[in-house]
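Reader: Before I rely on the labels attached to a model, I like to ask what stands behind each of them. Could we go through them one by one?

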Amino acid sequence: MQTFQPAALLAPHSSHGGKPLRRIQKTGLAIFAAGLLMLAVSLTGAGHSRPLLFFLLSIGLATAGALIYILPQVKEDPPGIRNNHIFFRGMTARGAPAWLTAAILTGFYVLLYWFPQTLYPWVRLTDPLSNLLSGRPADHWFLYGTFYTLAVLVMGVRMLIRYRHNRYQLIRTLSVMFFQLGFAYLIPAFLKALNQPEFYFSYFWPLKYDYLFPNDVKRLLAQPGGLGVFMVFWGAAMSFIAVPVLTYFFGKRWYCSWVCGCGGLAETLGDPYRHLSDKSLKAWKIERYLIHGVLVFVVLTTALLWINSAGEGRFFGSLSGAFACWYGFLIGAMFSGVIGVGFYPLMGSRVWCRFGCPLAAILGIVQKYFSRFRITTNGGQCISCGNCSTYCEMGIDVRWYAQRGQNIIRASCVGCGVCAAVCPRGVLKLENAAPGERYNVTLEDSLLK
Amino acid sequence: MQHLVIIGNGITGITTARQVRKRSDMKITVISNETDYFFSRTALMYVFMGHLRFEQTKPYEDWFWPKNRIELVRGTLTELNTGEKFVRLEDGQMFRYDKLVIATGSQTNKFNWPGQDLPGVQGLYSYQDLQLLEENSRGVSRAVIVGGGLIGIELAEMLLSRNIPVTFLVRENYYWDNVLPREEARLISRHVLEHGIDLRLHTNLKEILPGENGRVRAAVTEFGEEIPCQLVGLTPGVHPNIDLAKKSGVAVNRGVLVNEYLETNIPGVYAAGDCAEIVAEDGGPARIEQLWYTGRLQGQALAKTICGERTRYQRGVWFNSAKFFDLEYQTYGFVSNEPREGESSFYWEDPGGKRCLRLVYRTGSRELVGINVFGIRLRQQVCERWIREKRSLEYVLEHLREANFDPEFFRRFEPEILRQHRLAM
């Protein structure tokens, strides 16, 4: 195959840029940069004595700057799909800016998981906010939660503007913003203020694997008051009842692209990178081995822990604990954090969700075999352009099905709806309907008899 | 073993190859002088705009072809010998065939405008045209597009994405009103203007002027206006590419002449897709269909014939779709730009001016004949069924919900549409 690429690809964002930035957007970028600079300065401990001031000057300014940059885009173009130049820009086409961003994100996760003390100057900046919400000083997880939530909210605003013509995307984006802010940030902080255990009602086993590990369950059950018992009940009910029932009715999207925090970050911060997912058949094969491998790993770990716990340590001694430790290191930290988010700019936004998340694996099995959800193909209208496949963050080759007039039923589909949004011929529609007709006859044999 | 040679690796040739492979073990060779692999021609615009890389316009990964034993050959045909049944390429390679499919597609129309062959003047059809556009669009301060069809508006969108101002010369009174009824044509024309295109309706090109460097300097309209520009896009439609067939004794007219089984005058030689001119058995007008969909359907029918199950190409209820900037368009059945004898139409337009629906029906029986829709997605199967079953206008309006194909939570317009109909009664 000839290796023709538009000339601009060779020199990203130089020869023919997008629209020139408006003055207000330049101002926003400058404020954002100033905030980041202050954040870097704060690492020296400069903000120690005046945390609130430095919080506002760094994280506050960066947030404000980002919003000032994003908001004027409402007036930039009429509403519609605007994917212009995505494959020309270094930031979104694996150029130098993307590698730099990946390095910074990855570095942050390494520090967060294994050298959290290096982040303490930043943690101190969030003390006033932590005191306000939970009545106690921040730790590095509160810092992480603050960054995470701000990323979802700010980039959520970007997503709302980008898809302002598409109500499915608007409601879905508001939903992930709501669940991140409420269920994964404010409520856990309030629980701490009430001297209750920190608990995320929007995460459950096996994604939040320790929620059904014996230690956590026992700790919660031992809580005074009924809340701990409720939390254990909630976790188990979500894992074993809500997951199959809701997935039957709506597909895995009810969780993965509407509620989940990992999904929430992918759909907001990760949106500019969704097209980088690998669509090859090979990637699909790797995906199936990996994600189901992780599922087996976590189920085994959980079972071992419970058996050992029931036998009071007689069966496996420290073995099951070691299993849990390794799971936490390999999957919890390395896979979902460092690779899952750190590699956004290089491998797309759903690496963890696609290759690793054991909850997604379960949801996927239910979605594939026992669900009303499918993406319907509109007769013979597909022109094989490839927008749907390209913009599928889960790396599904949507076009393969669409051009055959076949419904798309795939375990990995998170139902984000972007394939349907970018389709220039209105070929795709996410639907819940009677499971019987999901696997339809293909166009190839049906139209011409 | 029988050898099937297909000339052209577009949607028609490739569909034929794939469908033959499903039914038969015969040796299959596909020859193209355009690209090594099948790609989606309709997606070229997205490559230029940076939505896709060219790689992503290929509907099948490269391993697909050897796995399915479809041999792809890159080369230009210089000779087609239907007597001795072989084709020869420029580089001397020769392929003997038992059956041959001509699926050579289209070429851009040119109307002998002075200056139409100047550097900086081009059409947009092939992969090579896209490469040329990359070069021709560099450092351009204005482009002029001539010809108000689907490719013209795509080219306008492409150039705008690179911040190149576009003047769009359209011969008709409204954009595409030789196909669309007045209201729809007006709706698109408004949308085109909103996107900042300098749309000149009812304006013909007179000539293209060269500058000192020998490249295009300006386009002159028949009103005598000289529009300075460094790029001229010629998009007044396409015509069948029959150069090869002409030299080889295969009967041609405007296209390669075939019957409804896509057979040419020479046994074992077939033609399909854009390049074929289909002569109906009932003596109706010969037709050339230049759509992605029809190319695919013809390839499917032809594959059956080649594999021994002689199959007439019947395209069923007509449909087509397009996107004009942000405006999606679908059409089903028959909607003509001027009302035809014995037909009436119901037309609804959203006050926002971005959506409309036209239902054409027989005045007496009120049977549905055709649908035009902008800004709302409809379900093909339902629309086809209604037309096939000759449902009445009233039935269709009352059941419009069943045909809706918009994403979940989208605003629904069926009640408004029905209300307008009732008020008009």
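What follows is a conversation about the domains, interfaces, salt bridges and sheets of this predicted model.

Reader: How is chain B divided into domains, and where do the bounds come from?

Author: The assignment for chain B gives domain 1 (3–107 + 239–306), domain 2 (121–236) and domain 3 (319–424), and such bounds come from an automatic or database domain assignment. For chain A the division is into domain 1 (19–76) and domain 2 (373–446), and the centres of these two parts of chain A, taken over C-alpha atoms, are separated by 40 Å.

Reader: How do you know that domain 2 of chain B and domain 3 of chain B are in contact, and how many residues take part?

Author: The centres of domain 2 of chain B and domain 3 of chain B, taken over C-alpha atoms, lie 30 Å apart, but contact is judged by heavy atoms within 4.5 Å. The contact takes 23 residues from domain 2 of chain B and 18 residues from domain 3 of chain B. Between them the two domains bury about 1,800 Å², with 63% of it on carbon and sulfur atoms. On the side of domain 2 of chain B, the residues that lose the most area to domain 3 of chain B are Glu184(B), Leu187(B) and His191(B), which together account for 32% of what that side buries.

Reader: What makes the pair Glu194(B) and Lys354(B) a salt bridge?

Author: The rule asks for a side-chain nitrogen of Lys or Arg within 4 Å of a carboxyl oxygen of Asp or Glu. In this pair the closest N and O atoms are 2.4 Å apart, so the pair of a Glu and a Lys satisfies the cut-off of 4 Å. Across the interface of domain 2 of chain B and domain 3 of chain B the rule finds four salt bridges, and there are also twelve residue pairs in polar contact, both residues being at pLDDT 80 or more. On the side of domain 2 of chain B that touches domain 3 of chain B, the elements giving two or more residues are α5 (150–161) and α6 (182–194) of chain B, and α6(B) gives the most, with nine residues.

Reader: Which salt bridge between chain A and chain B can you set against that rule, and how many are counted there?

Author: Glu431(A) and Arg379(B) form one, with their closest N and O atoms 2.7 Å apart, and this distance is within the 4 Å that the rule allows. The count between chain A and chain B is three salt bridges, alongside 29 residue pairs in polar contact, both at pLDDT 80 or more. Here 69 residues of chain A are in contact with 69 residues of chain B, and the area buried between the chains is about 5,800 Å², of which carbon and sulfur atoms give 47%. The elements that give two or more residues to the side of chain A that touches chain B include α9 (167–193), β1 (373–377) and β2 (428–432) of chain A, and β2(A) gives the most, with five residues.

Reader: Why can the salt bridge of Arg162(A) and Asp271(A) be said to tie together parts that are apart in sequence?

Author: The side chains of Arg162(A) and Asp271(A) meet at 3.2 Å, N to O, which is within the 4 Å of the rule. Arg162(A) lies in helix α8 (residues 140–162) of chain A, whereas Asp271(A) lies in the loop between α13 (261–268) and α14 (281–310) of chain A, so the pair ties together parts that are 109 residues apart in sequence. Over all chains, the count by this rule comes to 51 salt bridges.

Reader: How do you know that β4(B) and β5(B) are paired strands?

Author: Pairing requires at least two bridges between two strands, and four bridges join β4(B) to β5 (residues 86–89) of chain B, the two running antiparallel; the requirement is therefore met. One bridge partner in β5(B) is Phe86(B), which is paired with Asn81(B).

Reader: What makes β4 and β6 of chain B edge strands?

Author: The open sheet has three strands in the order β4-β5-β6 (chain B), with antiparallel pairing, and β4 (77–81) and β6 (94–96) of chain B each pair on one side only.

Reader: Which strands stand at the edges of the five-stranded open sheet of chain B, and why?

Author: The order in that sheet is β21-β22-β25-β24-β23 (chain B), and the pairing is antiparallel. β21 (319–324) and β23 (343–349) of chain B each have a single partner strand, so one side of each is left without a neighbour in the sheet. The twist averages 10° from one strand to the next. Six bridges join β21(B) to β22 (residues 327–333) of chain B, and Ala322(B) stands opposite Tyr329(B) in β22(B).

How values were computed. Residues numbered from 1 in each chain as written. Chains lettered and ligands numbered in written order. Predicted model: local features only at pLDDT ≥ 70, side-chain atom pairs only at ≥ 80, totals over all residues. Heavy atoms only, no water. Buried area = accessible area lost by both parts, 1.4 Å probe. Polar contact = N/O pair within 3.5 Å; in protein donor to acceptor, adjacent residues only side chain to side chain. Axes fitted to C-alpha atoms, helices over the stretch in contact; angles between N-to-C directions.
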